[in-house]
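Work through the exercises below with the structure open. Try each task before you read its solution.

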Amino acid sequence: MRPTVFRAAAVLLAAALAACAEKAEPAIELRPVSFGDLEGWAEDDLAGALPAFRASCAAIARKAPGDAMGREPWSGKVADWQPACAAAASAGDTPAAARGFFEQQFVPVALGDRGNAEGLFTGYYEPLLMGSRTAGGRFAVPLHGRPADLVNVDLGTFDDSLEGKRIAGRVRGGRLEPYPDRAAIDAGALDGGGWELLWVDDPVAKFFLQIQGSGLVELAEGHRVRVGYADQNGRSYRAIGRDLVEMGALTREEVSLQTIRDWLRAHPDQAAAIMEKNPSYVFFRELGDATVATGPQGAQGIELTPGRSIAVDRRFVALGVPLWLQATAPFPDGDRPLRRLMVAQDTGGAIKGPVRGDVFWGTGPLAEHVAGHMKSPGRWFALLPRSLAPSS
């Protein structure tokens, strides 16, 4: 099987390399700064960030000391972070003690992308859907678990320049072919495989659940379960807001989760075709009773902390790194400055680039409002253990 899989992957490799030749790849840059350079640093209650960092330390502890923290060398090895994690375990939980811990253990560095210090910061939340364990009546929309025939290919094993990139597909007739896209799956490409996890009552709610990556399902059987990201079909994510703008349905300024959702529900005859313009399709796994855990799991395998966990592009930023964010957040009463210490604990299909983040806001109406409207330009800074601090 390996030769045929390799031939299929090689074709995609050639296309990827050609694309790279046409457009310069993002490249992360680091610039040493001081805590005094971080806007709002003195006002943030860092006691809120300390538990999130401790949670990341639990995930870091599962790795060997010689393992790389991330794919970029600037984040060092696990051993470089172990002293800070040990200090976090014994640090006091008061705001003053938390501030002392972060300032003693770390030094800040500004992150940029080829000379550009500003990037885009968005938000995500945990939606609530209505569902059932069995199909019938209003519950006719499947949430799929990870199909057994889904094959992931790490392109870095074929070409070092593509480290961290992947494709997904399935083997048919001895050859690897792309996995069905959203339109094909909606048309029944997975029917008969038995991969339906749950059934929900709203295709639009399912679409946004796939964008968020995790959520809650209130079951007709009488309890609430949490579902989380299990895998993805390998197709590139496409933001359908741009399609609605191009067709004149919304202006660029109007685009938000809420306005897109309202348009889809107001135009049921066109909604499926618009949603299918995004070929990416997410598969889920059930994470158990929602009353047991207070939040969903991120890519680090730990519970996310609302307002302190942030999704990153792990090609550039290692999971577990504390990040100081300077942006704005759209609350119902107006935009507020967002000057807060976050921890890189998750990833997302649309989160690409060295200065690109997605803030986890939790669950409920307020979280939905802020996450759905957030598209803020901003800057961020990584906190590195002092042993890793760059001199220039």
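The exercises go from overall form to cores, salt bridges and two helices.

This is a predicted model, in which local features need pLDDT of at least 70, side-chain atom pairs count only at pLDDT 80 or more, and totals for chains, interfaces and linings use all residues. Residues are numbered from 1 along each chain as its sequence is written, and side-chain values use heavy atoms, with hydrogens and water left out.

**Exercise 1. Overall form**

Task: Describe the secondary structure, compactness and surface of the protein.

Solution:
- Step 1. Count the elements. The protein has 10 helices and 17 strands. Both are DSSP runs numbered from the N terminus: helices are H or I with at least four residues, strands E with at least two.
- Step 2. Check compactness. The radius of gyration is 22 Å, and the globule rule gives 21 Å for 392 residues, so the protein is as compact as a globular protein of that length. The radius is taken over C-alpha atoms, and the rule is 2.2 Å times the number of residues to the power 0.38.
- Step 3. Box the chain. Along the principal axes, the C-alpha atoms fill roughly 55 × 55 × 40 Å.
- Step 4. Take the surface. The accessible area is about 17700 Å², and carbon and sulfur atoms hold 53% of that. Such areas come from the Shrake-Rupley method with a 1.4 Å probe; for residues, only the protein chains shown count as cover.
- Step 5. Look inside. Of the 392 residues, 47% are buried. Buried means under 20% relative accessible area, exposed over 50%, and partly exposed in between (1.4 Å probe, protein chains only).
- Step 6. Sort the contacts (heavy atoms within 4.5 Å). Among those between residues at least 6 apart in sequence, 77% join residues at least 24 apart.

**Exercise 2. Nonpolar cores**

Task: Find the largest nonpolar core and the residues with the most contacts inside it.

Solution:
- Step 1. Set the criterion. A nonpolar core is a set of buried Ala, Val, Leu, Ile, Met, Phe, Trp, Tyr and Cys residues joined through side-chain atoms within 4.5 Å.
- Step 2. Recall the background. In soluble globular proteins, nonpolar side chains tend to be buried together.
- Step 3. Read off the result. The largest core has 76 residues, and those with the most contacts inside it are Phe 53, Phe 102, Leu 264, Val 317, Leu 323, Trp 361 and Trp 380.
- Step 4. Follow one of them. Beyond four places in sequence, Val 317 touches residues including Ile 28, Trp 74, Leu 111, Ala 344 and Pro 354.
- Step 5. Look for another core. A second, separate one has 13 residues, among them Leu 143, Val 217, Leu 219 and Val 225.

**Exercise 3. Salt bridges**

Task: Which parts of the chain are tied together by Arg 308 and Asp 44, and how exposed are the partners in other pairs?

Solution:
- Step 1. Search the whole structure. There are 17 salt bridges. The criterion is a side-chain nitrogen of Lys or Arg within 4 Å of a carboxyl oxygen of Asp or Glu.
- Step 2. Take Arg 308 and Asp 44. Their closest N and O atoms are 3.0 Å apart. Arg 308 lies in the loop between β12 (282-289) and β13 (309-311), and Asp 44 in the loop between β1 and α2, so the pair ties together parts that are 264 residues apart in sequence. Both residues are buried.
- Step 3. Take Glu 39 and Arg 339. This salt bridge has its closest N and O atoms 3.4 Å apart. Glu 39 is in the loop between β1 (28-32) and α2 (50-60), Arg 339 in strand β15 (residues 334-346), 300 residues apart. Glu 39 is partly exposed at 44%, and Arg 339 is partly exposed at 28%.
- Step 4. Take Arg 170 and Glu 177. Their side chains meet at 3.7 Å, N to O. Arg 170 is buried at 9%, whereas Glu 177 is partly exposed at 31%.
- Step 5. Add the network. Salt bridges link Arg 146, Arg 166 and Asp 231.

**Exercise 4. Helices α6 and α7**

Task: How many residues of α6 are buried, and what do Gly 241 and Asp 243 of α7 touch?

Solution:
- Step 1. Cover α6 (residues 203-212). Eight of its 10 residues are buried, including Phe 207, Phe 208 and Lys 206.
- Step 2. Check its ends. At the start, a side-chain oxygen of Asp 202 comes within 2.9 Å of the backbone nitrogen of Val 204. Just after α6, Gly 213 has a positive phi of about 95°.
- Step 3. Move to α7 (residues 241-246), which holds Gly 241. Gly 241 is buried at 7%. Outside four places in sequence, Gly 241 contacts Val 255 and Ile 260.
- Step 4. Finish with Asp 243, also in α7. Asp 243 is buried, with a relative accessible area of 7%. Not counting residues up to four places away, Asp 243 touches Arg 238 and Lys 277.

Terms used
A polar contact is a pair of N or O atoms within 3.5 Å; within protein, one must be able to donate a hydrogen and the other to accept it, and residues adjacent in sequence count only if both atoms are side-chain atoms.
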